[in-house]
Amino acid sequence: MRRTFTPWDPWRELNQIQTEMNRMFSGLARPGQRREAFPAINMYHNAESVVLTAELPGLDTEKLDLTVTGRAITIRGAYGKAPLPDGETYLRQERPTAEFSRTVELPVAVDPQRAEASYEKGVLFLKLHRPEEHKPRKVTIRKG
Amino acid sequence: MENGTVTAQAQKHEPQSPDGAERARAQAVYAPRVDIIDSKDSLHLVADVPGADENDTEICLEKNVLTIRASVRPPNLEGYTAVETEYGIGEFERSFTISNEIDREGIEATVKDGVLRVRLPKAKHAGAQKISVRAG
């Protein structure tokens, strides 16, 4: 039986712990973990902005509250559970009915003054711009 | 800090095929969450199909099986890197067996804000039919 032992790297363990801690506090799910938080969020970014999308079908946008700080966003809302009129009963009830509030940390800094949100076909689309000074910049190397 | 108090599951699931077969499709397929409401004169099916509108949705009725289908195009995010994807984007599909008491001609459906509402009216004479017996 042949075994290959990788040399023990003390920094690797510490890095793993750091990554785990970051994940735990970021409010995002680890891959494969059954996520309890609602709504599910997809997050994308490029040099200019951070985009978040969430599926919130049939939501009354009057009851939707979005808060943006420099490093986190909070999505708060409520699905009404309108009581059924007399004579009607649920044979099946799966759709969301309650209030929800979710805070997610962002991987990069954003400018809370320049946030755009839209809600179309039941999908919430949030675009956050990165402040000028935090955008990645290319560094030219001078030949000395 | 998160404090979701939502009763429904947040995860998306693949739909159960009526005959147990699996799908061979290029795009992921999910079963939409539904509410089924029974009222005196009709059955209401409400399905969450975020990302779809009335042009992306179709309803098929074959024999006793009602199938709802909705297709969703992922948002155009060219040039962006995904940081986290907690939900997949794909087609929605789910089938239901409906009883003979439904008046098929009267089925109506609307889509708004990613919610499909189907109204299935019950046939007026939904009770058992009485057949008179004559002396032969």
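Which backbone oxygen lies 2.6 Å from a polar atom of the side chain of Y119(A)? The backbone oxygen of L56(A) does. This is a predicted model. The briefing covers Y119(A), then the sheet that includes its strand.

**Y119(A) and its surroundings**
- Y119(A) sits in strand 7 of chain A, which spans residues 115-120.
- Its side chain has a polar atom 2.6 Å from the backbone oxygen of L56(A).
- The side chain of Y119(A) also reaches the backbone nitrogen of L59(A), at 2.9 Å.
- Leaving aside residues up to four places away in sequence, Y119(A) touches L56(A), P57(A), G58(A), L59(A), T61(A) and L124(A).
- From chain B, Y119(A) touches D113(B).
- P57(A) is 62 residues from Y119(A) along the chain, yet their C-alpha atoms are separated by 9.4 Å.

**The sheet**
- Strand 7 of chain A belongs to an open sheet of five strands, ordered 7(A)-8(A)-2(A)-1(A)-6(B).
- Pairing in this sheet is antiparallel.
- The edges are strand 7 of chain A and strand 6 of chain B (81-85). Each of these edge strands pairs on one side only.
- Neighbouring strands are turned by 15° against each other on average, direction ignored.

**Strands 2 and 8 of chain A**
- Strand 2 of chain A covers residues 49-55, and strand 8 of chain A covers residues 123-129.
- The two pair in the antiparallel sense, over seven bridges.
- V50(A) stands opposite L128(A), a residue of strand 8 of chain A.

Key:
Residues numbered from 1 in each chain as written. Chains lettered and ligands numbered in written order. Predicted model: local features only at pLDDT ≥ 70, side-chain atom pairs only at ≥ 80, totals over all residues. Heavy atoms only, no water. Helix = DSSP H or I, 4+ residues; strand = E, 2+ residues; numbered from the N terminus. Contact = heavy atoms within 4.5 Å. Polar contact = N/O pair within 3.5 Å; in protein donor to acceptor, adjacent residues only side chain to side chain. Pairing = 2+ DSSP bridges. Axes fitted to C-alpha atoms, helices over the stretch in contact; angles between N-to-C directions.
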